[in-house]
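Please look over the sequence and the fold shown here before reading on. The briefing moves from the whole chain to single residues.

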Amino acid sequence: MSKVVPTTAFEGQKPGTSGLRKKVTVFQQPNYAENFIQSIFDSLEGFAGQTLVIGGDGRFYNSQVIQTAIRIAAANGFGRVLVGRGGLLSTPAASNVIRQYKAFGGIILSASHNPGGPDGDFGIKYNISNGGPAPEKITNAIFEHSKKITQYRIAEAADIDLNTLGKSTVEGMAVEVIDPVADYAKLMQRLFDFDAIRALFQSGFRMRFDAMHAITGPYAHEILEGILGAPAGTVVNGTPLPDFGGHHPDPNLVHAKELYDLMMSPQAPDLGAASDGDGDRNLIIGRNIFVNPSDSLALLAANAHLAPGYAKGLVGIARSMPTSAAADRVAQRLGIGCYETPTGWKFFGNLLDADKATICGEESAGTGSNHVREKDGLWAVLLWLNILAVRRESVETIVKAHWASYGRNYYSRHDYEEVDADGANLLMKGLRDRFATLPGSHGIVAVDDFAYDDPIDGSRTEGQGIRLMFGEGTRIVFRLSGTGTSGATLRVYIERYEADPAKHDLDPQVALADLIALADSIAGIKQHTGRVTPDVIT
Ligand code: G16
């Protein structure tokens, strides 16, 4: 039997850059998750009898909300739910399952790279039938509905056994517990030359993949060590834990410091890689060289033809606005389309569906392609492996040859995390108030607040980051993160293009030192945030 439960609306159920992310304690309030899930369904049409995919990154509270989502889906008339065993599905694997089984959509439970555990973060995201995050039209409708919701429908049924593969029913709705890895592994096998990568490992090539006790552990164990024959021990921290072992599952130079230190030491293997909480981000470090995500996007695009899945070439490259323009230079040389979108993978969906772009990427450690509609951490690692298997050069040699050929986009992102939201908003307002006077000072040639007109559906998105442009590819961008759960996180993105190979060996913090100082003096970072240094420098 289903029942209708009266409820009252919660404030602030507004999806951010990637779904609704809040503290676990917020989600644990009675009816909080129920309201949001019902608001999702109430904002959709035509799903009666259709398939819904449900999965999450295994963080604390994952299994409870999965059972709730199954019951609400049954009471709302879905015909079938596909759920990953153990309630697990990496975000890219969920995207693949939605596409492969022609599902109506999917609910992904994750707060990505944010910490987990009872005091950590939780999140709910809705993906549409193309496998990608819902566009703003839908997320806005969900938010509007969440403000006036008065009831939700839920089946009164026992919990599903999520740990056993197989079929059951909840009030006439079929529930299938599926292997979270199998379909994804097959997809990777179709895209990449697994024989070449296997031969690379056989030749003595060594890597370390840090799964950060998050979702990619089972995927990496099966694909890298199982199918590709990398030695046991290649994958570390490979068991997903509800609190990620107490760490931030964020593959950056602060939270994956152990991997970074190893890669800079004499014991470094040939490749170091990591992925985040829900498996869509990636970190790539060669022996002695960190590959920044913007460079990684450019390098993957320039070399993608070496992998069978991309042998025919790319139709276009898309990147988020704060991502460096390194990929634009590759697109230009290849003579293919190049697109600049706001931050958020959801903005790539239309370009991928319309076959305008093959590879997309973001400075926030996300790269992916038209194989799914999410960024894909393990995909990026496998493409790197495929390239290394064909070129048989070190990561450092490949990166430096790329810079020599295309020039180097010196790039860094400075994050001031969980600062006072009022101060951060004042900082942004202070910059906007000076739009008329900034050009002409400090070498600034133009200033704007990035806006995007989607070339496919014509929708417009405004207020996506303040850009101070200095000409010749030099710029400073200020943006407030849309993924944090307390206070505000200020991101400052700094970039300068250098064509001369003789000047490519600087530490980016040195190469960009004057711009970094200028960012503070123009925006008043210290004054508005009370912080002297960033929390994370990438
Ligand atoms: C999400 C989005 C990405 C975005 C990133 C950072 O990633 O999917 O598109 O670049 O957040 O966003 P922000 O700068 O607003 O914090 P993830 O991995 O957290 O889902």
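What follows is a briefing on this structure, grouped by topic.

The coordinates belong to a predicted model, in which the protein has 18 helices and 26 strands. Its radius of gyration is 23 Å, which agrees with the value near 24 Å that a compact globule of 538 residues would have. Along the principal axes, the C-alpha trace spans about 70 × 60 × 40 Å.

**Overall packing and surface**

- Of the 538 residues in the protein, 59% are buried, and the accessible surface comes to about 19700 Å², with 50% of that area belonging to carbon and sulfur atoms.
- When contacts with a separation of 6 or more are considered, 72% of them join residues that are 24 or more positions apart.
- The protein carries 50 positive and 61 negative charges, and the mean positions of these two sets are 3 Å apart.

**Cysteines**

- The count of disulfides in the model is zero.
- The cysteine sulfur closest to that of Cys338 is in Cys360, and because the two are 11 Å apart, they are too far from each other for a bond, given that a disulfide needs sulfur atoms within 2.5 Å.
- Cys360 is likewise in no disulfide, its nearest cysteine sulfur being that of Cys338 at 11 Å.
- The surroundings of the two residues can be set side by side: Cys338 counts as partly exposed at 35% relative accessibility, whereas Cys360 is buried, with a relative accessible area of 0%.

**Helix H6 and its cover**

- Helix H6 runs over residues 182-191, and its buried residues are Asp183, Tyr184, Ala185, Leu187, Met188 and Leu191.
- As general background, an α-helix has 3.6 residues a turn, so residues three or four places apart point the same way.
- The cover over the buried residues of H6 includes helix H4 (91-100), helix H7 (194-202), helix H8 (216-227) and helix H13 (377-391).

**Buried residues within helices**

- His402 has its place in helix H14, which covers residues 395-406, and with 9% relative accessibility this histidine counts as buried.
- Once neighbours within four places in sequence are left aside, His402 is in contact with Ala298, Leu299, Ala302, Val330 and Gly407.
- Ala74, which lies in helix H3 (residues 62-76), is buried with a relative accessible area of 9%, and its contacts, not counting residues up to four places away in sequence, are with Ala155, Val170 and Met173.
- Between Ala74 and Ile142, which are 68 residues apart in sequence, the C-alpha to C-alpha distance is 19 Å.
- Thr139 lies in helix H5 (residues 136-148) and counts as buried at 14% relative accessibility, the cut-off for that class being under 20%.
- Apart from residues up to four places away in sequence, Thr139 touches Pro15 and Ala134, while its C-alpha atom is 8.6 Å from that of Ser43, a residue 96 positions away along the sequence.

**A buried glycine in a strand**

- Gly361 belongs to strand E17 (residues 359-362), where it counts as buried at 0% relative accessibility.
- Not counting residues up to four places away in sequence, Gly361 touches Leu297, Ala318, Arg319, Ser320, Thr323, Trp345, Phe348, Gly366 and Thr367.
- One of these contacts, Ser320, is 41 residues from Gly361 along the chain, and the C-alpha atoms of the pair are separated by 6.9 Å.

**Loop residues with positive phi**

- Asn31 is not a glycine, yet it has a positive phi of about 75 degrees; this residue lies in the loop between helix H1 (24-27) and helix H2 (32-42).
- Glu171 also has a positive phi, of about 50 degrees, although it is not a glycine, and it is found in the loop between strand E8 (166-170) and strand E9 (173-178).
- With a relative accessible area of 35%, Glu171 is partly exposed.

Conventions: Residues numbered from 1 in each chain as written. Predicted model: local features only at pLDDT ≥ 70, side-chain atom pairs only at ≥ 80, totals over all residues. Heavy atoms only, no water. Helix = DSSP H or I, 4+ residues; strand = E, 2+ residues; numbered from the N terminus. Rg over C-alpha atoms; globule rule 2.2 N^0.38 Å. Buried < 20%, exposed > 50% of the residue type's maximum accessible area, 1.4 Å probe, protein only. Contact = heavy atoms within 4.5 Å. Areas by Shrake-Rupley, 256 points an atom, 1.4 Å probe, with all protein chains shown as cover. Lys, Arg positive; Asp, Glu negative; His and termini not counted. Charge placed at Lys NZ, Arg CZ, Asp CG, Glu CD.
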